[in-house]
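Colleague: I am new to this structure and should be grateful for a guided reading. Please show it first, and let us then proceed element by element.

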Amino acid sequence: MEQRLANCVQLTVNEKQFIENALLSELRVDGRGPLEYRKLSIKFGKDDGSAEVQLGETRVMSFVSAQLVQPYKDRPNEGTLSIFTEFSPMADPSFEPGRPGESAVELGRIIDRGLRESRAIDTESLCILSAKLVWAIRIDIHILDNAGNLVDAANIAALASLLTFRRPECSLGGEDGQQVVVHPPEVREPLPLILHHLPVAVTFGFFSNENLVVLDPTYHEEAVMTGRMTATLNANGDVCAIQKPGEQGIFQHIIMHCLKLAHVKAGDITAKIKDAVEKHNNERALQKIKRRSSSVSVDVCGTTARLRGKQNQSGGGKDNSHLDQLKPKDEANFMECDATSSGQVQINKKDEGSKNFTGGPSSWYGKKDPYSECVNSDLLKAPMDSEC
């Protein structure tokens, strides 16, 4: 990011010498050691596929979205992945609004190379209909505050948002089986993306003194250093990509030493990302359970219990033989409450009321029946009198 280095705040000669002299003493301006990482914080938004990462004072937000598109002709069975970056002037006065500059393009390419070249995302699982429809995954990265080392923060934000993203489930229908049906989340549970591994970017800074190497450079250190190297590795130690901007040459033994350090740091960052994602998924699962109301089954059983209580109270003055006749039916209905839905229980209650009716025609007189408004009472009296 040579343009980014050129646009940095201009430090005085004394400030540059102070930073370099402190590094020679294995100290940094923020109190860290040369190979120490800043504090990492990962937060997730309400929507799936949104994450905010804070690395020290650097803040980056990432969003993941998907849409159905036609695949490339040379890869008809694979989905696509694209990364877009936005550098806001509010994050750094050196960022210019409008079209993305060289620094924004290079940042997107570093993250894209680590994900694409290592085939971290299973693009074949994004195919819906061969040579016709595939899912196109888009990652939007927004820089909120620049305090140095944007590459690592943006890469972590992209990985966290990919792990929490859910795409709608699709099925094929129609007479010819070529019609794609996209199911909403209310009908079918969305599906997560398949990630084989997590390529983590680790950035090193180099200075005029060949023996000076720092991990996770800050904003002021970027203005002093003469070169950098970003190594993208996974937790297994596989090198996914290496990016080295700048004109300063680096010896081979220094590169190998940086790769060993990057392997250890990639394992630590991977563990932090997975822990944050697991905690987020557990919280989302608890929220879904709370939204599912169990009041239907409770109300049905409660209604059954209240009806039983009323029957016992109303039957207190009657003989015990009548109560014994009603008891087996009530117990059967209570067992039926646990095995049937609310609608079926209500129908069984109506049938029970009609079967357990033991009174004569006089019990209908003087009472308002909900069904008597549309039925002639004279037609009801005749069959009841004939039964008596």
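Modeller: As a preliminary, the expected span of a helix is 1.5 Å times one less than its number of residues. The structure is a predicted model, in which local features need pLDDT of at least 70 and side-chain atom pairs count only at pLDDT 80 or more, while totals for chains, interfaces and linings use all residues. Residues are numbered from 1 along each chain as its sequence is written, and side-chain values use heavy atoms, with hydrogens and water left out.

Colleague: How many helices and strands does the chain have?

Modeller: Both kinds of element are DSSP runs numbered from the N terminus, with helices being H or I over at least four residues and strands E over at least two. By that reckoning the chain has ten helices and 14 strands.

Colleague: What share of the residues of the chain counts as buried?

Modeller: Buried means under 20% relative accessible area, exposed over 50%, and partly exposed in between (1.4 Å probe, protein chains only). Of the 388 residues of the chain, the buried share is 39%.

Colleague: What span does helix α4 reach from its first C-alpha to its last?

Modeller: Helix α4 covers residues 150-164, and 14 of its 15 residues are buried. At 1.5 Å a residue, 21 Å is expected, and the span of α4 is close to that value, reaching 21 Å.

Colleague: Which element gives the largest share of the largest nonpolar core?

Modeller: A nonpolar core is a set of buried Ala, Val, Leu, Ile, Met, Phe, Trp, Tyr and Cys residues joined through side-chain atoms within 4.5 Å. The largest one has 63 residues, and those with the most contacts inside it are Ile-42, Leu-115, Ile-139, Ile-141, Ile-143, Leu-162 and Phe-204. Its largest share, ten residues, comes from helix α4.

Colleague: How many residues are in the second, separate core?

Modeller: Among the members of this second core are Leu-212, Val-214, Val-224 and Met-225. The second core has eight residues.

Colleague: Which side chains of strand β1 point to one face and are buried?

Modeller: The side chains alternate along strand β1, residues 40-44. Ser-41 and Lys-43 point to the other face and are not buried. The buried ones are Leu-40, Ile-42 and Phe-44.

Colleague: Which residue of β2 is the bridge partner of Ser-41?

Modeller: Two strands pair if DSSP finds at least two bridges between them, and β1 and β2 pair in the antiparallel sense over five bridges. They form a hairpin with five residues between them, where Gly-49 in the turn has a positive phi of about 90°. Across this pairing, the partner of Ser-41 is Gln-54.

Colleague: Which residue of β6 is the bridge partner of Val-60?

Modeller: Strand β2 (residues 50-55) pairs with strand β3 (residues 58-69) in the antiparallel sense over six bridges, and Val-53 has Val-60 of β3 as its bridge partner. Strand β3 is in turn joined by eleven bridges to strand β6 (residues 133-145), also running antiparallel. In β6, Val-60 is partnered by Ile-143.

Colleague: Is Thr-203 buried or exposed?

Modeller: Thr-203 lies in strand β11, residues 200-206. A polar contact is a pair of N or O atoms within 3.5 Å; within protein, one must be able to donate a hydrogen and the other to accept it, and residues adjacent in sequence count only if both atoms are side-chain atoms. The side chain of Thr-203 has such contacts with the side chains of Asn-149, at 3.3 Å, and Thr-230, at 3.1 Å. Because its relative accessibility is 0%, Thr-203 counts as buried.

Colleague: Which residue has its backbone oxygen 3.0 Å from a polar atom of the side chain of Thr-85?

Modeller: Thr-85 belongs to strand β4, residues 80-87, and is buried, with a relative accessible area of 17%. Leaving aside residues up to four places away in sequence, Thr-85 touches (heavy atoms within 4.5 Å) Ala-104, Val-105, Leu-107, Gly-108 and Ile-141. The backbone oxygen at 3.0 Å is that of Ala-104.

Colleague: How many disulfides does a search of the whole structure find?

Modeller: The criterion is a pair of cysteine sulfur atoms within 2.5 Å. Cys-170 is buried at 17% relative accessibility, and Cys-240 is buried at 14%. The number of disulfides found is zero.
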